[in-house]
Amino acid sequence: MHYLSAHEIRDLLRKREVTAEEVTRKTLERINEVDSKVNAYLEVFEDAIEAAKEIDKKIAQGEDVKDLAGIPMAIKDNICMKGRKTTCASKILENFVSPYDATVVERLKDNGAVIVGRLNMDEFAMGSSTENSAFKKTRNPYDLERVPGGSSGGSAAAVAAGEAYYTLGSDTGGSIRQPASLCGVVGFKPTYGRVSRYGLVAFASSLDQIGPFTRDVEDAALVLNAICGKDNKDSTSVDVKVEDFTTYLNKSLKGVKVGLPKEYFGEGIDNGVKKELEKAIALLKDLDAEIKEINLPMSQYALAVYYILSSSEASSNLARFDGIRYGVRAKDFEDVVVLYVKSRSQGFGREVKRRIMLGTYALSSGYYDAYYKKALKVKTLIINEFKKAFEDVNLIISPTSPSVAFKFGEKADDPLKMYLSDICTVPVNIAGLPAVSIPAGLSDNLPVGLQIIGNYFKEGEIISLAHGIEKALSLNLRPNL
């Protein structure tokens, strides 16, 4: 049962072939059985059974419940849940309990979702491997000696291992799509502003976006239906009508123009990844889509722009963690300055400190114009380049990650090597575009992800193409756990 999709569980619940309580108990049993190997969860909510029982009562009374009602899911540890710990996998927030629900959590609860736990991540969402968590290392279900990707590694691994039917993650530079690629699941990053960020602990506010991990594309459409929409508590939330994304499933791809940027298929992309993507591209031709080679030359600067802008915003956002209002407070301090220094030194991990220092440097007097201001200018050029590309094509496809999952420690001591893991995903965040990663096959028995990028608020078109490729490939990947 744990490898069924959310929509298959929904149908079983509606036919009363299973109960929400049974499904939740089986999910908790599955977590108990395999999570000691995978380490996806930081905390499991045993009281989720009570929420499941409430859904069963509604179904028994003949109430019309929503699509996600009674289906067990889990949340990345940087999304606030009322009365639960929200630690961002950091020692500085080790004992912080959220006093409120994030908007996405409120919306999922309104849809009857059963939340079974909070998931591991790179500390404050900074990383591409989930090796930067202060508490544990999440492992890739396909090979326990390899990373699941990051920063939402726990969210991706939980779905891949059958420990949740879907999960939520956050994507600042690829943190949903890259781990989805490495773990062989679907990971969707919506248009910036499409999903409320209220209750998401900020890493880089102009780049962060919440999105789902699911078993298949139809499930992604169902979750987007639930979490998208304007929120007055988030000033960056955009008032765009929320369509029923499931209406984009099973559409003809005839005449759909798909762009292949040559910059995304060049040097640095593993041959095994290229091979699997070439198979998917050949299938697209069979489905009567029009394939066109395009150029996105500004993409070569995206990584540099991303690390300057994201680190600068992180430096500003993380200044609030100072040992005064909430989080860890150092002992034995003489004055407030020593309290700040000791609390932050003891609370933050190595990668977070690195990015705070990098961002503070880029924003400092004398360097602001040379780094931060210049990065903002190049960001505009990248946005304009994508806009021009979408005048000629409907969608753009590329590898999600340049390689399959790498081994623990392989890139941990070389930050630049690690940062290159996001080379195909960061341009999307810089431009604020929507994108999805879907499984495209296996290379050396490890999942390969295909990225589909759409124009602003064209999530439906992405779903249509992703579903067409998914059906044509008919992969049904499962790890041997």
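In this predicted model, Val 448 touches a set of residues drawn from several parts of the chain: leaving out residues up to four places away in sequence, its contacts are Ser 181, Val 273, Glu 276, Leu 277, Val 404, Ile 438, Pro 439, Ala 440, Gly 441, Leu 442 and Ser 443. Val 448 itself belongs to strand E11, which comprises residues 446-454, and with a relative accessible area of 2% it is buried, the cut-off for that class being under 20%. The C-alpha atom of Val 448 is separated by 29 Å from that of Ser 205, a residue that stands 243 residues away along the chain.

The UniProt annotation "active site", taken from an unreviewed entry, covers three residues, namely Lys 76, Ser 151 and Ser 175. Although these positions span 100 residues in sequence, no two of their C-alpha atoms are more than 11.1 Å apart, so they gather at one spot. Of this set, Ser 175 is taken in by the lining of the largest cavity.

Lys 76 is placed in strand E2, residues 72-76, and its relative accessibility of 0% means that it counts as buried. When neighbours within four places in sequence are set aside, Lys 76 is in contact with both of the other annotated residues, Ser 151 and Ser 175, and its further contacts include Leu 119, Met 121, Ala 125, Ser 152, Ser 155, Leu 168, Gly 169 and Ser 170. Ser 175, for its part, is situated in the loop that runs between strand E4 (166-170) and helix H6 (177-183), and at 5% relative accessibility it likewise counts as buried. The contacts of Ser 175, again without neighbours within four places in sequence, are Lys 76, Ala 125, Gly 127, Gly 150, Ser 151, Ser 152, Ser 170 and Phe 213. Ala 125, Ser 151, Ser 152 and Ser 170 thus appear among the contacts of Lys 76 as well as among those of Ser 175.

The third annotated residue, Ser 151, has its place in the loop between strand E3 (114-119) and helix H5 (153-160). The peptide bond that joins Gly 150 and Ser 151 is cis, with an omega of about 0°. Most peptide bonds are trans, and most residues other than glycine have a negative phi. Phe 124, which also lies in the loop between E3 and H5, has a positive phi, near 50°, in a residue other than glycine; with a relative accessible area of 2%, Phe 124 is buried. A positive phi is found as well at Asn 39, where the value is near 60°. Asn 39 is located in the loop between helix H2 (20-38) and strand E1 (41-44), and its relative accessibility of 18% places it among residues that count as buried, given that the class extends to values under 20%.

Beyond helix H5, Gly 162 lies in the loop between H5 and E4, and at 3% relative accessibility this glycine counts as buried. Apart from residues up to four places away in sequence, Gly 162 touches His 2, Tyr 3, Arg 30 and Arg 215. Between Gly 162 and Lys 407, which are 245 residues apart in sequence, the C-alpha to C-alpha separation is 22 Å.

Two helices, H1 (residues 6-14) and H7 (residues 217-227), pack against each other at an angle of about 75°, and their axes are 8 Å apart. This angle makes H1 roughly perpendicular to H7, since values from 65 to 115 degrees fall in that class. On the side of H1 the contact is made by Ala 6, His 7 and Arg 10, which meet Glu 218, Asp 219 and Leu 222 in H7. Sorted by class, the residues in this contact comprise 2 nonpolar, 1 polar and 3 charged.

A further buried position is Ser 312, whose relative accessible area is 2% and whose place is in helix H9, residues 302-317. Setting aside neighbours within four places in sequence, Ser 312 is in contact with Gly 359, Ala 362, Leu 363 and Tyr 372.

Conventions: Residues numbered from 1 in each chain as written. Predicted model: local features only at pLDDT ≥ 70, side-chain atom pairs only at ≥ 80, totals over all residues. Heavy atoms only, no water. UniProt positions renumbered as here; feature names shortened; annotations may be inferred. 1 Å grid on protein atoms, 1.4 Å probe; cavity = no way out; pocket = protein on both sides within 12 Å on 5 of 7 lines; lining within 4 Å. Helix = DSSP H or I, 4+ residues; strand = E, 2+ residues; numbered from the N terminus. Buried < 20%, exposed > 50% of the residue type's maximum accessible area, 1.4 Å probe, protein only. Contact = heavy atoms within 4.5 Å. Axes fitted to C-alpha atoms, helices over the stretch in contact; angles between N-to-C directions. Parallel < 35°, antiparallel > 145°, perpendicular 65-115°, else oblique. Nonpolar A, V, L, I, M, F, W, Y, C, P; charged D, E, K, R; others polar.
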